[in-house]
Amino acid sequence: YVIMLLQAVGFSTLFLCSSEFWKKCVDCFIKLLAVLLSFALIEHVLISFAGIETTLPYSATTPLNPDRDYYVYFFNVYLQRTFDYFNRFYAFYDEPGVLGNILMVLLYTQKFNYKKWHNVVLLVSGIMSFSLAFYIAVATYYIIFGNKERKVVFASITILATIFFFNNEYVYEYIFGRLEFQNGQMAGYNRELHGDFQFWIKTIPVTDYFLWGYQPRENVPYAASWKWAFVLWGIIPSLVYLFSII
C-alpha cells in the first residue's frame, strides 16, 4: 500500500507541469518515433516485397509471452512463421495493434496535420500495420472533425477502397472479416478468449473489484480486455485514471 501511495504521488506531479512543457515533450517524442519508423518502413518494404528477408541479419527470440516467438531485425520484428507476400508492419513492437494504437493517439494530438513530415510517417506506418483500431480511429476523426469537403473525399475514398479491396484475402482477413458479427459480438473482438477469463469473470461479483483490484490478484486469469484492467486495478481507480488523462 505504501508503494501504491508513492506511485499515486508520483503520478500527480503530471499536473504540476505546464501544458506547454508537455506539448514540447510529446512533439519531441513524435519526431524521434517518426525517424525510427522511417528506417523501420524501409526495412519492412525490403523484407516483405523485395524478398531479401533471409539476406538481412536477424535473430530469433522468445518474449515474455511464451506462445509467440519472433524474428528480430534491425528495426522490425515478425512472428516466426513462413514469410509470404504480405506481412503486417510491427516495427519494433510485439503486435501491430500496439503500433496502431500508439499512432492513433499521436495523430489525434497532431490533428492529422500532414504538412508536418512526421505525421505523414505516422499515417503510413498506421496503414501498413493493418490495425483495425487505427482504421476506425482515422475514419471517426474525419467523420466528426473533418470539414464538408474532407468528409466527401474521405467517404468516396473509403467506398472505392472497400469495393477494390473487399475480395483481397489479406485485407478481408485483417479488416472486413473482423467487422462481421458472430455469436452476438464483433469477430475482431477476441480479447477475452485467452485462457479462462471469460468464464471466470462471470463467477465473481462486481463488488470484489469495484473500489480496488481483485485480491489475490494472481488468481485473475489474463485477457487482453478492458475488463481485465478493471478487475486488476478496480473499476473506480481505473475510471479516475482514465478521466485524469483526458
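**Exercise 1. A pair in helix 2**

By about how many helical turns are Lys-23 and Asp-27 separated in helix 2?

*Solution.* Start with the ground rules. This is a predicted model, in which local features need pLDDT of at least 70, side-chain atom pairs count only at pLDDT 80 or more, and totals for chains, interfaces and linings use all residues. Residues are numbered from 1 along each chain as its sequence is written, and side-chain values use heavy atoms, with hydrogens and water left out.

Step 1. Find the helix. Helix 2 covers residues 19-49. Helices (H or I, at least four residues) and strands (E, at least two) are DSSP runs, numbered from the N terminus.

Step 2. Count along the chain. Lys-23 and Asp-27 are four residues apart in helix 2, so about one helical turn separates them.

Step 3. Check the contact. Lys-23 and Asp-27 form a salt bridge, and their closest N and O atoms are 3.1 Å apart. A salt bridge is a side-chain nitrogen of Lys or Arg within 4 Å of a carboxyl oxygen of Asp or Glu. A search of the whole structure finds one salt bridge.

Step 4. Look for another partner of Asp-27. The side chain of Gln-110 joins that of Asp-27 in a polar contact of 3.3 Å. A polar contact is a pair of N or O atoms within 3.5 Å; within protein, one must be able to donate a hydrogen and the other to accept it, and residues adjacent in sequence count only if both atoms are side-chain atoms.

Step 5. Place Gln-110. This residue sits in the loop between helix 3 and helix 4. Gln-110 has 10% relative accessibility and so counts as buried. Buried means under 20% relative accessible area, exposed means over 50%, and partly exposed lies in between (1.4 Å probe, protein chains only).

**Exercise 2. The sheet**

Give the strand order, the pairing and the edge strands of the open sheet.

*Solution.* Step 1. Recall the principle. Strands of a sheet pair through backbone hydrogen bonds, either parallel or antiparallel.

Step 2. Read the order. Three strands run 1-2-3 in an open sheet, with antiparallel pairing.

Step 3. Name the edges. Strand 1 (59-61) and strand 3 (77-79) each have a single partner strand, so one side of each lacks a neighbour in the sheet.

Step 4. Add the twist. From one strand to the next, the twist averages 30°. For such angles, axes are lines fitted to C-alpha atoms (for helices over the stretch in contact), and angles run from 0 to 180 degrees between N-to-C directions.

Step 5. Inspect one pair. Strand 2 (residues 70-72) and strand 3 are antiparallel and share three bridges. Two strands pair if DSSP finds at least two bridges between them. Val-72 has Val-77 in strand 3 as its bridge partner.

Step 6. Visit the loop between strand 2 and strand 3. Asn-76 is found there. Its relative accessible area is 1%, so Asn-76 is buried. The C-alpha atoms of Asn-76 and Tyr-93 are 7.9 Å apart, though their positions lie 17 residues apart in sequence numbering.

**Exercise 3. The loop after strand 3**

Is Asn-87 buried or exposed? Which side chain does the side chain of Asn-87 contact?

*Solution.* Step 1. Locate Asn-87. The residue is in the loop between strand 3 and helix 3 (96-109).

Step 2. Judge the exposure. At 3% relative accessibility, Asn-87 is buried.

Step 3. Find the partner. The side chains of Asn-87 and Ser-48 make a polar contact at 3.3 Å.

Step 4. Move on to Ala-91 in the loop between strand 3 and helix 3. Ala-91 is buried, with a relative accessible area of 0%.

**Exercise 4. Unusual backbone angles**

Which residues besides glycine have a positive phi, and where is a cis peptide bond?

*Solution.* Step 1. Check phi. Ala-91 is not a glycine, yet its phi is positive, about 55°. Phe-130 also has a positive phi, near 55°.

Step 2. Place Phe-130. This residue lies in the loop between helix 4 (117-129) and helix 5 (132-145). Phe-130 is buried at 12% relative accessible area.

Step 3. Check omega. Gln-215 and Pro-216 are joined by a cis peptide bond, with omega about -5°. Pro-216 belongs to the loop between helix 8 and helix 9.
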